[in-house]
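Hi,

Here is the structure I promised to pass on to you. Have a look at it first, then read my notes below.

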Amino acid sequence: MKLKSMSAEDKRVWLAIAGIVVLGICFLPIGQWLFGIRYTYTVRVVALGGSILGVISGALGCFAVLRRESLMGDALSHAALPGVAVAFLLAGRDLGVLLIGAGIASWIALRFISALLGTTRLKQDAAMGIVLASWFAGGIALLAYIQSIPDASQAGLDRFIFGQAAAIIESDVLLISGVGAAVLLTLALFWKEFKLVTFDMGFAGANGFQVGLINTLLSTLIVIAIVLGLQLAGVILMVGMLIAPGIAARQWTQKLNHMVILAAVFGAFAGGVGAVISAIDADIPTGPMIIVVAFSLVLASITLAPGRGLLWSSWRRRLDSRRFARQNALRDLYRYVLSHGSPGTPVPDAFIRGIGDRSAALGLAQLLSAGLVELTGDSWRLTDTGIEAARRDAHSLQLWDLYRLYADDLDLPLLGEDRHLDIRDVLPADAIGQLEAMTEQRPN
Amino acid sequence: MNDRVPLALSVEDLTVAYHSKPAIWDIDLGVPEGVLMAIVGPNGAGKSTLIKAVLNLIPRAAGTVSFYGSPYEQARSLVGYVPQRGSVDWDFPTSVLDVVTMGLYGKLGWLRRPGRRERDLALFALNQVGLLDLVDRQISQLSGGQQQRTFLARALVQDAQIYFMDEPFAAVDAITERAIVKILHQLKERGKTVLVVHHDLQTVEDYFDWVTLLNVEVVASGPAAEVFTSGNLQKTYGGRVSYLHDGQVLAAGD
């Protein structure tokens with residue numbers, strides 16, 4: 001079992017991870033050449049800080065995306081601003097203190113939104129909108145007030161609005177890493193509960209899980225991830241750093257654990273690269289820079305990812321319409337010849353094209369190149385292999401009909417009725433044998 | 001009756017209200033062990049609400065519920081649940097096997113992870129619902145009927161004593177319908193009690209041996225043969241019900 005080769009899905013995830021790591025490494029010389037970045041100690045600290053923040057917010061952001069609470073992330077990050085200001089007024093400019101203030105304000109906003117939803121008839125978007133605007137307004141007012149206090153204007157609290165990577169120092173990185181490790185450890189410990197509650201809250205509740213508690217814990221982790229990223233991305237754009245990696249990762253995988261890992265890697269890339277670019281000059285706000293990078297990842301993923309990407313789906317649609325055109329053209333020809341005598345009867349081109357116009361042309365072209373039909377003058381004729389293929393197809397449909405009638409009586413394996421597939425490819429041979437026996441009983 | 005067969009579910013005075021208007025009102029219900037019970041009633045009659053209130057998923061305005069004589073908190077492991085298919089996002093990134101394994105999370109408890117044993121139990125249940133060839137399929141790629149069978153398998157692994165199924169027959173293909181009926185009978189043979197919110201009046205008597213007719217209040221509840229009469233149906237649905245039956249039942253309703 002373990003030796004089983006990797007599934008296409010696993011390969012895709014590793015491909016995406018490898019791609020992003022290569023991109024990240026390539027960025028170092030490109031950044032030097034293009035932006036004149038010098039990898040000083042400060043820039044390395046900033047890059048590390050940005051990457052670590054990206055890992056944390058990317059991983060937690062997956063749950064915000066899957067719970068359809070992306071905009072909740074936006075409300076919560078805006079709501080952190082008054083907390084920063086109040087913490088500064090009460091206890092000074094220490095980053096830890098400011099972040100605790102931010103976290104408390106954000107968490108109160110979270111509980112306030114739930115309370116509004118639980119006790120009033122407000123809809124979620126209205127509750128989030130009103131909390132976002134009022135908390136943020138309070139924060140801006142407090143910042144303006146702080147600016148007016150002598151000495152306090154140097155605090156640089158406005159970096160929390162758009163983010164400023166250059167302000168990150170080594171002790172900040174240590175703080176972020178410590179708290180972040182605790183957050184990720186909690187995520188790992190309660191993985192099963194978080195997954196269950198995110199997928200199916202009702203079932204979780206009926207199973208005796210304390211849904212309210214698990215929800216609160218998960219939301220609290222998301223609040224912590226938001227708060228840690230504030231000084232880098234700023235309250236206005238933090239939501240992008242939270243959800244963009246998850247959205248991009250979702251395109252590449254159908255497994256929650258892969259999605260979270262991939263989002264962490266994408267987040268590290270966006271956070272690291274965005275922070276480094278903005279560190280070139282203290283005037284470049286970091287939030288927008290990170291979002292530009294993260295959005296490129298989203299764009300690339302939505303376009304290129306196999307399975308869900310735009311290119312992939314348009315390609316698959318093309319293949320589908322080719323396949324069905326071929327199947328339908330063969331069926332139309334066969335139906336015509338059966339009702340007009342022998343299978344060798346020529347079919348007028350005008351008739352067959354009249355049925356399915358462009359699709360018919362597409363189908364006929366395929367049948368022709370596969371040697372199932374030949375065109376003489378302006379009429380089509382099924383070749384021997386063509387007749388054989390049409391018979392097989394008709395027979396498969398007949399067996400599907402019998403399957404629908406007798407699957408229960410004969411106790412055949414349960415199948416989805418994918419009648420476009422050859423039933424002999426989906427049912428085991430002995431079951432086909434049983435159905436064949438029914439054909440002979442009911443020659444109809 | 002009640003003296004001989006223990007009650008699997010006993011509901012007294014249960015009321016749930018939304019904004020002062022009762023969604024279900026003063027429900028008294030006794031369900032004997034081992035029956036297959038259909039909960040039938042018009043749209044908005046509170047069928048799903050009844051199940052959710054019994055399972056403590058929504059707040060009750062009044063009333064008590066007990067399972068085999070115990071309150072829900074002590075009887076959780078006896079209860080299996082199949083929610084409405086539309087209640088979850090089927091684009092969630094996970095596989096069929098994974099969803100079915102979720103049925104065992106409750107037994108695992110906090111912090112423990114599912115392992116080999118859980119995998120085998122899930123595979124066994126998937127075989128019962130005929131999805132063994134789809135275990136690794138992403139749930140976003142399932143048909144409606146396959147989604148329903150996935151949910152059914154998730155409830156089967158719970159190995160409960162009493163099952164609540166919310167509209168399992170809603171908009172499923174014929175194969176899924178047959179699979180569900182087969183499972184219902186297997187559950188009955190094993191002495192389980194099953195409560196099913198059901199919409200299709202035509203099949204009630206074929207699939208179920210016990211019926212509760214609900215329209216905010218309980219109109220009637222008991223063995224299908226006694227309760228599923230045209231008179232009771234009219235009381236439940238009003239004059240609109242156009243369900244015609246064989247003469248016997250019509251006579252009983254007159």
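**What I found**

Let's start with how chain A is split up: domain 1 covers 9-308, domain 2 covers 313-382 and domain 3 covers 387-441 (the bounds come from an automatic or database domain assignment). Taken over C-alpha atoms, the centres of domain 1 and domain 3 of chain A are 54 Å apart.

Before you go further, keep in mind that this is a predicted model, where local features need pLDDT of at least 70, side-chain atom pairs count only at pLDDT 80 or more, and totals for chains, interfaces and linings use all residues. Residues are numbered from 1 along each chain as its sequence is written, while chains are lettered from A and ligands numbered from 1 in the order in which they are written.

How sure is the predictor? The complex gets an ipTM of 0.88 and a pTM of 0.85. For chain B the mean pLDDT (the predictor's confidence in each residue, from 0 to 100) is 87, with 92% of its residues at 70 or more. Among the elements of chain B, helix H3 (residues 96-101) has the highest mean pLDDT, 96, and helix H11 (residues 247-253) the lowest, 38. Be careful with residues 246-254 of chain B, where the pLDDT is below 50.

Now for where the chains meet. Chain A gives 24 residues to the contact and chain B gives 25 residues (two residues are in contact if their C-beta atoms, placed from the backbone, lie within 7 Å). On the chain A side, helices H9 (191-199), H10 (201-206) and H12 (256-278) each supply at least two residues. H10(A) has the largest share, with four residues. (Helices, H or I, of at least four residues and strands, E, of at least two are DSSP runs, numbered from the N terminus.)

There are strands to look at too. In chain A, three of them form an open antiparallel sheet in the order E1-E3-E2 (two strands pair if DSSP finds at least two bridges between them). Strands E1 (347-348) and E2 (373-376) of chain A are at the edges with a single partner strand each, so one side of each has no neighbour in the sheet. E2(A) and E3 (residues 379-382) of chain A are joined by four bridges, and Val373(A) sits opposite Leu382(A).

In chain B, eight bridges link the antiparallel strands E1 (residues 7-18) and E2 (residues 21-32). Their hairpin has two residues between the strands, and His19(B) there takes a positive phi near 50°. E1(B) also runs antiparallel to E4 (residues 62-67) of chain B, with five bridges; Ser10(B) has Ser66(B) as its bridge partner.

Cheers
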